[in-house]
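Me: Hi! Could you walk me through this structure? I'd like to go topic by topic.

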Amino acid sequence: MSAAAGAERGIGAPLLEVRDLRVTFARRGGPDTVAVDGVDFAVAPGEIVGLVGESGCGKSVTSLAIMRLLPERGNRVAGEVRMDGIDLLGLSDAAMRERRGRDLSMVFQDPLSSLNPVVPIGVQVTEVLRRHRGMRKEPARREAAELLDRVGIPDPRRRLGSYPHQLSGGMRQRALIAIALACRPRLLIADEPTTALDVTIQAQILGLLAELVAETGAALIMITHDLGVVAGLCDTVNVLYGGRIVERSQRHRLFATPRHPYTHGLLSSIPRLDSAPGEELVAIPGSVNDNLPWAHGCAFAPRCPRAMEACEQRTPAPEEIGGRLLRCHNPVPASAG
Amino acid sequence: MLRFVVRRLLQVVPTLLLLSVLVFAWLRSLPGGPASAFLGDRATPERVAELNRVLGLDQPVWVQYLRFLGRAFTGDLGNSQITGEPVLSEIGRALPATVELSVAALLIAVTLGIPLGYLSARHRGRPLDVATVIGTLVGVAVPVFFLGYLLKAVFAVELGLFPPSGRQSVGIDATNVTGFAVLDGLLTRELDASWDALTHLVLPAVALATIPLAVIVRITRASVLDVLGSDFVRTANAKGLAPSTVRGRHVLRNALLPVSTTIGLQTGLLLAGAVLTEKVFVWGGIGTLLAQGIEQRDYPRLQALLLLGALVYVLVNLLVDLSYAIIDPRVRLS
Ligand SMILES: Nc1ncnc2c1ncn2[C@@H]1O[C@H](COP(=O)(O)OP(=O)(O)O)[C@@H](O)[C@H]1O
Ligand SMILES: [Mg+2]
């Protein structure tokens, strides 16, 4: 489908360019937490880019920093987030509000808590149409019904009056997707959009997202902890570890020959379709939290089966190797994928 | 909705019945009785027995109760032992003063409390918030009558800005329509009388408003903080909505849910505070009736007042439940 085409189109000027993004949280009575530590990546128009990594590696913080939706206080964001060449981080609050929901929008992980419980779905869709497309009440309602219909919500006219708690989890996420795409943004960020849903619904929602971005030509940043989710979807995949990108590659190449030991580990822990629900995966030993700070070597070294002495002494620099970005002193040999 | 209201109102009847038994027994278990209170310390046992017989207090308690109940069903709660007047007409006359005071206090508490709580949350940790939080701690801790005397000493006696007590100045000849002094003045276009009543209302209303104000500020603040950190507010911001839309439709509409419950609870408690406030400001409402009734052990009056209090409390709670069901679609009345 559009995946390969998107990669081809990616040659032109990027739609979004994240440069050296750095987010630190001030912590009471302790050193600051570095959540995102110099992340660079670009998204071409219409491209589907994956951002993959374990929980806590900085995926959500990265996406919220791009949207400028981090809490107002207690954090510092540095670097650049350029959209159409304009640095979003330098915009005034009002200018950023103009763009949010219109040029770039976002779908969150938990559809129930992400919808206002005391406002009808219809209002939650129309308010964004009225805000950015200047629509009047009635046309906005008609458009909202069409949007709900487009995302596969049955009986959309009646659903406009429903409240979030009256919808199923899958329907709620469909409604949030309708809201996010209502103003035809050129960039959609989906932060683990299927994690809170039943397994049977997950594939439907992923399929819907892929279909809609192909149809509207929007670029998509797909954030997930599950390489299985990006497998059928992304053009390019960024693998994040401890707030840094450790490997980036075109999707087919990444799956065929993962070079970073972390990527390699993630791939061998993908659940197979025939595995029983709840069955333990082959987890990478250790967790993302007991990492070394990047300043003193590779953060993955303590958990890495291929760690050498150098890994704990020198921080590996990002290198372009055979069309992929790699941050590793001792990568998995290309042939051993 | 209607079925819910009717059912809840029907539930009020057994509640009040049970309460009447408790009140009846409790009052008669208190040391001292109307006779000794009325006759004083030097009363001879014979005089006490005589008076008790006249008041019907020589009968077994259950006989007294059945008599009371029988009359209560015909709308007669007995006569005051102090004035000999039917207690219901006494209460009817005193009620507007207390309602006026309570409504004024509640208006102050709500109209100041919600914005203050919201601002405090928005400016969390900044001087305004710190000052507000300290202020609410003090507000809850200061006894109503102490605050009342303080306000009176400063703003009435020292500065002379407000009258120190009463509901009306001497010499003001106001027409009584509803019993609500401020409202009556407006209705009869006697604006002077209305203004006079309003100046009398300010200090007691402020004193009475303090505790509910402090509570409403704190609940609003906590609730707004909670909602500001919620996912759906983040979604609202992700849509790029105008700040006023985010504030009204998304933050406040949710944050006010717990506040509405609090307002209901505070309304119930307001009656207790009104008794103390009325004493300080010689207000002449229900509180005065109650204080007198307790001193004189006026059983019929106390019974009626306690049952009235319970009834108000139950009705206010019903109103809270109804309003909750209207603003929160997740709540089903059943
Ligand atoms: N509001 C916050 N305050 C402090 N630390 C935060 C905050 N949000 C995220 N973090 C920290 O940033 C790191 C990355 O979090 P996140 O981006 O949410 O991870 P994930 O990849 O699971 O989405 C975590 O260590 C987390 O504890
Ligand atoms: Mg996350």
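**A chat about the model**

Reply: Happy to. Let's begin with a loop: V282(B) sits in the one between α11 (243-280) and α12 (286-296) of chain B. Keep in mind that this is a predicted model.

Me: What is the phi of V282(B), roughly?

Reply: Its phi is positive, about 45°, although V282(B) is not a glycine. Most residues other than glycine have a negative phi.

Me: Okay, and which residue of chain A has a positive phi although it is not a glycine?

Reply: That would be R68(A), with a positive phi of about 55°. R68(A) is placed in the loop between α2 and β4 of chain A.

Me: Back to chain B for a second. How many helices and strands does chain B have?

Reply: Chain B comes to 13 helices and zero strands. Along its principal axes, the C-alpha trace of chain B spans about 85 × 55 × 40 Å.

Me: Switching to the sheet in chain A: what is the strand order, and is the pairing parallel or antiparallel?

Reply: The order is β2-β1-β4-β5 in chain A, four strands making an open sheet with antiparallel pairing. At the edges are β2 (33-43) and β5 (86-87) of chain A, each of which pairs on one side only.

Me: How many bridges join β4 to β5(A)?

Reply: Two bridges link β5(A) to strand β4 (residues 75-83) of chain A, and the two strands run antiparallel. In one bridge, D87(A) in β5(A) is the partner of R82(A).

Me: Which strands does helix α2 of chain A lie across?

Reply: Helix α2 (residues 59-67) lies across β1 (16-25), β2 and β4 of chain A, and it runs at about 115° to β1(A).

Me: Nice. Now the ligand: what gives the most to the shell around ligand 1?

Reply: α2(A) does, with three residues. The residues around ligand 1 include K59(A), S60(A) and V61(A), and also F25(A), A35(A) and P71(A). By type, the shell divides into five nonpolar, four polar and two charged residues.

Me: Which residue has a polar side-chain atom 2.7 Å from an oxygen atom of ligand 1?

Reply: S60(A) has that side-chain atom. Backbone atoms come in as well: a polar one of G56(A) is 2.6 Å from an oxygen atom of ligand 1, and a backbone N or O atom of G58(A) lies 3.1 Å from a ligand oxygen.

Me: And what share of ligand 1 does the protein bury?

Reply: The protein buries 62% of the 560 Å² that ligand 1 exposes when taken alone.

Terms used: Residues are numbered from 1 along each chain as its sequence is written. Chains are lettered from A and ligands numbered from 1 in the order in which they are written. This is a predicted model: local features need pLDDT of at least 70, side-chain atom pairs count only at pLDDT 80 or more; totals for chains, interfaces and linings use all residues. Side-chain values use heavy atoms; hydrogens and water are left out. Two strands pair if DSSP finds at least two bridges between them. Contact means heavy atoms within 4.5 Å. Axes are lines fitted to C-alpha atoms, for helices over the stretch in contact, and angles run from 0 to 180 degrees between N-to-C directions. A residue is near a molecule or strand if one of its heavy atoms lies within 4 Å of it. A polar contact is a pair of N or O atoms within 3.5 Å; within protein, one must be able to donate a hydrogen and the other to accept it, and residues adjacent in sequence count only if both atoms are side-chain atoms. Accessible areas come from the Shrake-Rupley method with a 1.4 Å probe; for residues, only the protein chains shown count as cover. Ala, Val, Leu, Ile, Met, Phe, Trp, Tyr, Cys and Pro count as nonpolar, Asp, Glu, Lys and Arg as charged, and the others, Gly among them, as polar.
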